[in-house]
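Welcome! Let us take a walk through this structure together, one region at a time.

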Amino acid sequence: MKKYTYSAKSSDNKDKWLVVDAKGAILGRLASTIASRLRGKHNPMYTPHADTGDSVIVINAEKIVLTGRKLDQKNYYRHSGYTGGLKTITAKKLIEKKPEDLVRFAVKGMLPKNSLGRKLYKKLHVYAGDSHPHSAQQPVTMSI
């Protein structure tokens, strides 16, 4: 009788689609739940080196909540690559300009920094409003 630990492959994954409503949700708590679902940590066949997670659709990103004084004090940075090319934007301006990016940045920071993390990040779909074009995938609503 052979005894061994089963190691899942990415091809073993039956990808589910989930819809998460971000209305009134706290950014960090929402992002950690989403990152966990993308990685597949809820799944009994979770394997760290394989994609065993679900695809996640986030709606109402414009209605997300930041606690404390993060709206005014939290900064997001990007660099053009040129000398003195550092650009900053506060969370308040970002939520007005591109509310989807607020969720994307938070989730991306919680995923692994390697090729698997980049693959998982592509399974995240964020929309500012309450509609999405993924009805053909028959997504299931997930409560947070």
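Here is something to look for right away: is Asn60 buried or exposed? Before the answer, please keep in mind that this is a predicted model. With a relative accessibility of 5%, Asn60 counts as buried, because buried means under 20% relative accessible area. You will find Asn60 in the loop between strand 2 and helix 2 (70–73). Its backbone deserves a glance as well: the phi of Asn60 is near 60°, a positive value in a residue other than glycine. Most residues other than glycine have a negative phi.

Gln138 makes a good companion to Asn60. Gln138 also is not a glycine, and its phi is positive, at about 50°. The loop that holds Gln138 runs between strand 5 and strand 6. What about its surroundings? Gln138 has a relative accessible area of 66% and is therefore exposed, as the cut-off for exposed is over 50%.

Those loops lead us to the sheet. Four strands build an open sheet, in the order 5-2-1-6, and their pairing is parallel. At the edges sit strand 5 (124–126) and strand 6 (140–142), each of which pairs on one side only. From one strand to the next, the twist averages 25°. Now turn to strand 1 (residues 17–21) and strand 2 (residues 55–59), which pair in the parallel sense over five bridges. If you would like a landmark here, find Val20, which stands opposite Val58 in strand 2.

Two helices lie across strands of this sheet. Helix 1 (residues 27–39) lies across strand 1, strand 2, strand 5 and strand 6, and runs at about 155° to strand 2. Helix 4 (residues 99–108) lies across strand 2 and strand 5, with an angle of about 155° to strand 5.

Next, follow the chain into the loop between helix 1 and strand 2, where Thr52 is found. Is Thr52 buried or exposed? Its relative accessibility is 0%, so Thr52 counts as buried. Several residues touch Thr52, even when those up to four places away in sequence are left out; among them are Ala8, Asn13, Arg39, Gly40 and Tyr46. The contact with Arg39 can be looked at in detail: a polar atom of the Thr52 side chain lies 3.4 Å from the backbone oxygen of Arg39. Thr52 and Leu38 are 14 residues apart in sequence, and their C-alpha atoms are 7.9 Å apart in space.

Asn13, one of the residues that touch Thr52, lies in the segment before strand 1. Asn13 has a relative accessible area of 15%, so it is buried. What does the side chain of Asn13 reach? It extends to the backbone oxygen of Gly53, at 2.8 Å. Leaving out residues up to four places away in sequence, Asn13 touches Asn43, Met45, Asp51, Thr52, Gly53 and Lys123.

Back in the loop between helix 1 and strand 2, you will also meet Lys41. With a relative accessible area of 49%, Lys41 is partly exposed, because the exposed class begins only over 50%. Beyond residues up to four places away in sequence, Lys41 touches Ser36 and Tyr46. Lys41 and Ser10 are 31 residues apart along the chain, and their C-alpha atoms are separated by 14 Å.

Let us move on to another pair of strands. Strand 3 (residues 75–79) and strand 4 (residues 86–90) pair in the antiparallel sense, over five bridges. Here Arg78 stands opposite Lys87 in strand 4. The two strands form a hairpin with six residues between them, and Gly81 in the turn has a positive phi of about 100°.

Our last stop is a pocket. Rolling a probe the size of a water molecule over the atoms shows where empty space is left. The largest pocket has a volume of about 190 Å³. Which residues line the largest pocket? They are Tyr76, Tyr77, Arg78, Ile89, Leu94, Lys97, Lys98, Asp101 and Phe105. Strand 3, helix 3 (91–97) and helix 4 each supply at least two residues of this lining. The largest share, three residues, comes from strand 3. Arg78, which we met opposite Lys87, is one of the lining residues.

Notes
Residues numbered from 1 in each chain as written. Predicted model: local features only at pLDDT ≥ 70, side-chain atom pairs only at ≥ 80, totals over all residues. Heavy atoms only, no water. Pairing = 2+ DSSP bridges. Axes fitted to C-alpha atoms, helices over the stretch in contact; angles between N-to-C directions. Contact = heavy atoms within 4.5 Å. Buried < 20%, exposed > 50% of the residue type's maximum accessible area, 1.4 Å probe, protein only. Polar contact = N/O pair within 3.5 Å; in protein donor to acceptor, adjacent residues only side chain to side chain. 1 Å grid on protein atoms, 1.4 Å probe; cavity = no way out; pocket = protein on both sides within 12 Å on 5 of 7 lines; lining within 4 Å. Points joined across faces, edges and corners; volume = space filled by probe spheres on them.
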